[in-house]
Amino acid sequence: MSALAAQRCFQHAAREAVARCPECRRMYCRECVTEHGERMLCASCIRALREAPRSGRGRLSGMITTLRCAAGVALCFVFFYTMGRFLLTMPAQYHEGTLWQTTWERMKTAAQGEP
Ligand SMILES: [Zn+2]
Ligand SMILES: [Zn+2]
C-alpha cells in the first residue's frame with residue numbers, strides 16, 4: 001500500500017489518502033469518504049448519486065403509478081358500464097329460467113323448508 005500512502009486527499013492536501021472514490025477516481029482521506037452501499041464514495045459523488053436518480057426516476061414512476069391506477073379505474077368503469085348496458089338491452093325473457101336463477105330458487109325453497 002505504499003503507492004496509496006503517498007497519495008494525498010483531494011480536499012485535504014495535508015492528509016494521507018486512504019481510499020479512492022470509484023466514481024470520480026480521486027483519492028480521499030478517511031473523513032472524506034463514506035460507505036454507500038458496498039462502496040466507499042466521496043461526499044460529492046454520494047450527493048450526485050442521491051439527487052440525480054431520485055428526481056428523475058421518482059417522478060416518472062409516480063406518474064406511471066398514477067396512470068396505471070387511472071387506467072385500471074377507467075377500465076373497470078367501462079367494463080361494468082358495458083356489461084350493464086348489455087344486460088339492459090337483452091330481452092327480459094332471456095333472464096328467466098337461467099341456471100343461476102333456478103339454483104337460487106331451489107336454494108331459497110330449501111332454506112325455507114328447513115325448520
Ligand atoms: Zn467521488
Ligand atoms: Zn479529506
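Here are a few friendly notes on the structure above, one topic at a time.

1. **How far to trust it.** Please keep in mind that this is a predicted model. The protein chain has a mean pLDDT of 81, with 77% of its residues at 70 or more. Among its elements, strand E2 (residues 27–28) has the highest mean pLDDT, 95, while helix H1 (residues 2–6) has the lowest, 55. Where pLDDT is low, the predicted coordinates should not be read in detail.

2. **The overall plan.** You can find four helices and four strands in the protein chain. Following the sequence from its start, the pattern reads α-β-β-β-β-α-α-α. Of the 115 residues, 10% count as buried. Look at the contacts as well: among those with a separation of 6 or more, residues 24 or more positions apart account for 2%.

3. **The nonpolar core.** Which residues make up the largest nonpolar core? There are eleven of them: Cys9, Ala17, Ala19, Cys21, Met27, Tyr28, Cys32, Val33, Leu41, Cys42 and Cys45. E2 and strand E4 (39–42) are the elements that give two or more residues to this core. As background, in soluble globular proteins, nonpolar side chains tend to be buried together.

4. **Cysteine 21 and its neighbours.** This core member is worth a visit in the viewer. Leaving aside residues up to four places away in sequence, cysteine 21 touches Arg26, Tyr28, Val33, Leu41, Cys42 and Cys45. Tyr28, Val33, Leu41, Cys42 and Cys45 also appear in the largest nonpolar core.

5. **The hairpin.** Now turn to strand E3 (residues 33–36), which runs antiparallel to E4 and is joined to E4 by four bridges. Two pairs help you line the strands up: valine 33 stands opposite cysteine 42, and histidine 36 stands opposite arginine 39. E3 and E4 form a hairpin with two residues between them. In the turn, glycine 37 has a positive phi of about 70 degrees.

6. **An unusual backbone angle.** Most residues other than glycine have a negative phi, and most peptide bonds are trans. Arginine 25 is not a glycine, yet its phi is positive, at about 65 degrees. Where does arginine 25 sit? Arginine 25 lies in the loop between strand E1 (19–20) and E2. Is arginine 25 buried or exposed? With 12 or fewer other C-beta atoms within 10 Å a residue counts as exposed, and arginine 25 has 7, so this residue is exposed.

Terms used. Residues are numbered from 1 along each chain as its sequence is written. Chains are lettered from A and ligands numbered from 1 in the order in which they are written. This is a predicted model: local features need pLDDT of at least 70, side-chain atom pairs count only at pLDDT 80 or more; totals for chains, interfaces and linings use all residues. pLDDT is the predictor's confidence in each residue, from 0 to 100. A residue is buried if 20 or more other C-beta atoms lie within 10 Å of its own, exposed if 12 or fewer, and partly exposed in between; C-beta atoms are placed from the backbone. Two residues are in contact if their C-beta atoms, placed from the backbone, lie within 7 Å. A nonpolar core is a set of buried Ala, Val, Leu, Ile, Met, Phe, Trp, Tyr and Cys residues joined through C-beta atoms within 7 Å. Two strands pair if DSSP finds at least two bridges between them.
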